[in-house]
Amino acid sequence: MKGIRTRLIVYFGLILLLIVLVLEGLFYWAVHTYYFGTATEALVTRSTTYTNFINKYATGYRLKDKARYILENASNEEYAKIEVLDVSGKVILNSYGFQTGEIIDTPDVSDALRGLTGIHVGKSPQTRERVIAVSTPLTFQGEYAGVLRYTISAEPLYHAVNQIALYGASVGAGVVFFAFALSLIIAKRIVDPIEDLTKAAIQMAKGNYSARAAKRYDDEVGTLAETFNYMAAEIGKNEKLKNDFISSVSHELRTPLTSIKGWGETLISGGLEEPEETMLGLEVISKETDRLIGIVEELLDFSKFQSGEMKLSLERMDLREVLDDVHLQFAIRSQEKQVALQLVIPPAPLAIMGDFNRLKQVFVNLLDNAFKFTPRDGTITVTATESGGRLMISVGDTGEGIDADDLPHITGKFYKGRSKQSGSGLGLAICKEIVELHRGRLYVNSTLGEGTTITVELPAAKTINIATKG
């Protein structure tokens, strides 16, 4: 398979060769026309002038007398061959003084016998030499009596034209050679950056995500190299996040499984004879099982989002019901951890077209995160307001806050930042997806050491027209 470099050189070469051939042809035609046109024009002028003189001042001379007069008065410097022909085309006298009797029937003679100035460029029938001939009519008493024919050899003209054409061809060959060399340089400038990209892509295909393509020129290929490098950097980040996620999830799965296995073996070995120990073990197994179910559900939800299979069951609802339900669910946890949980909602309904279970999943996740990062005696506040056809629900805490470097990535997939808390790193990413499916927005504000506020903005029912996303 031919590469781009070869194709560029071949295409450039063919185009330049075609251009040079066309220009050479035009140049040859122009030189040929100039030389032969000039020679023919000069010959026509001399022949016509001399014929008009003879026809005007030698009107009483018969054809043979005119022929002798013409030859006797011909200049010694005349380089053209002069011939006088009768009406049958037979040569009755030439500039050498011979009466050859040769019959000349070239087109120029025929034109002259019709009263025209005839011109003929071709080969002499006798010598096969290339000639230029001009014939003009001779008259006697107002009638065409013969032809005066001037003939010169065209060989010197052909030689001169061919010599000039040869020089032109040499110049054309030089141009083609120079253009060929230039095409090699251009092809190299175009292909080399692409080869760099190819090598970097091969390295990436082998798993080396640190491979980068050099940007050589500030052009489209350079832009492609920048885009490729950006893609490589993003893939590298995602690969790191994936590895971190696998490590994190493995750890998250190992911890409850270890507890379940340990308590299971303890209960088996103990023979279930101690009720208190048995109940404690069963509680731990149940709690750790719930943790496993939560992790698996997060992974399933994430898989659905990635494949576009997540669907919403939309219905007109009051968002206050979701918030009340979530508040009630976390009331016991609030007491156990001694963290104040406040719910501030308006007395009027917060109408929305939404999926009750999915919206509850969002706020459960947000509150769960808030409890994880809020210390004892802290405060978590859930506030809901409506303004301009938008519902604003904020979950704020007085916890440890989020580092400024982590904040832009906190809603990304698998991202856990510097947190040491358990979790898959998918919770906020899934929340953001659910909110966006409701045509809403989720954004995070946080100050390290002071707390975090996560705000969910959703369209009110009277201004929304949502189609489910599948």
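Start by selecting L323, V326, H327, L341, L343, F363, L367 and V382: together they line the largest cavity. What you have open is a predicted model, so treat each stop as a look at a prediction.

**Stop 1: the cavity**

Keep those residues shown as sticks and look at the space between them. How much space lies in the largest cavity? About 40 Å³. With a floor of 30 Å³ or more, the count comes to one cavity.

Now colour the lining by class. You'll find seven nonpolar residues, one polar and no charged ones. Next, colour by element: α7 (319–329), β7 (340–344) and α9 (356–373) each give two or more residues to the lining. Which of them gives the most? That's α7, with three residues.

**Stop 2: α7 against α9**

Two of those lining elements are helices that pack on each other, so stay here and show α7 and α9 together. Their axes are 10 Å apart, and the angle is about 45°. That angle makes α7 oblique to α9. Turn the view until one helix lies over the other, and you're looking at a right-handed crossing.

To see the contact itself, select L319, E321, V322, L323, D325, V326 and Q329 in α7, then F356, L359, K360, F363, V364 and L367 in α9. By class, this set divides into nine nonpolar, one polar and three charged residues. Some names should look familiar: L323, V326, F363 and L367 are also among the residues lining the cavity.

**Stop 3: α9 against α10**

Keep α9 on screen and add helix α10, residues 427–437. Here the packing angle is about 145°, and the axes are 9 Å apart. Is this crossing left-handed or right-handed? It's left-handed.

For the α9 side of the contact, pick R358, Q361, V362, N365, L366 and N369. For the α10 side, pick G427, L428, I430, C431, I434 and V435. Colour them by class and you get seven nonpolar, four polar and one charged.

**Stop 4: α1 and α4**

Now move to another pair of helices: select residues 4–57 for α1 and 155–205 for α4. They pack with their axes 8 Å apart, at an angle of about 160°. That makes α1 roughly antiparallel to α4. Viewed one over the other, α1 and α4 make a right-handed crossing.

Finish by colouring the contact of α1 with α4 by class: 30 residues are nonpolar, five are polar and five are charged.

**Before you close the viewer**

Go back to α9 for one last look. This helix packs against α7, packs against α10, and gives two or more residues to the lining of the largest cavity.

Key
Residues numbered from 1 in each chain as written. Predicted model: local features only at pLDDT ≥ 70, side-chain atom pairs only at ≥ 80, totals over all residues. Heavy atoms only, no water. Axes fitted to C-alpha atoms, helices over the stretch in contact; angles between N-to-C directions. Helix = DSSP H or I, 4+ residues; strand = E, 2+ residues; numbered from the N terminus. Parallel < 35°, antiparallel > 145°, perpendicular 65-115°, else oblique. Left-handed = near helix turned anticlockwise from the far one by under 90°. Nonpolar A, V, L, I, M, F, W, Y, C, P; charged D, E, K, R; others polar. 1 Å grid on protein atoms, 1.4 Å probe; cavity = no way out; pocket = protein on both sides within 12 Å on 5 of 7 lines; lining within 4 Å. Points joined across faces, edges and corners; volume = space filled by probe spheres on them. Contact = heavy atoms within 4.5 Å.
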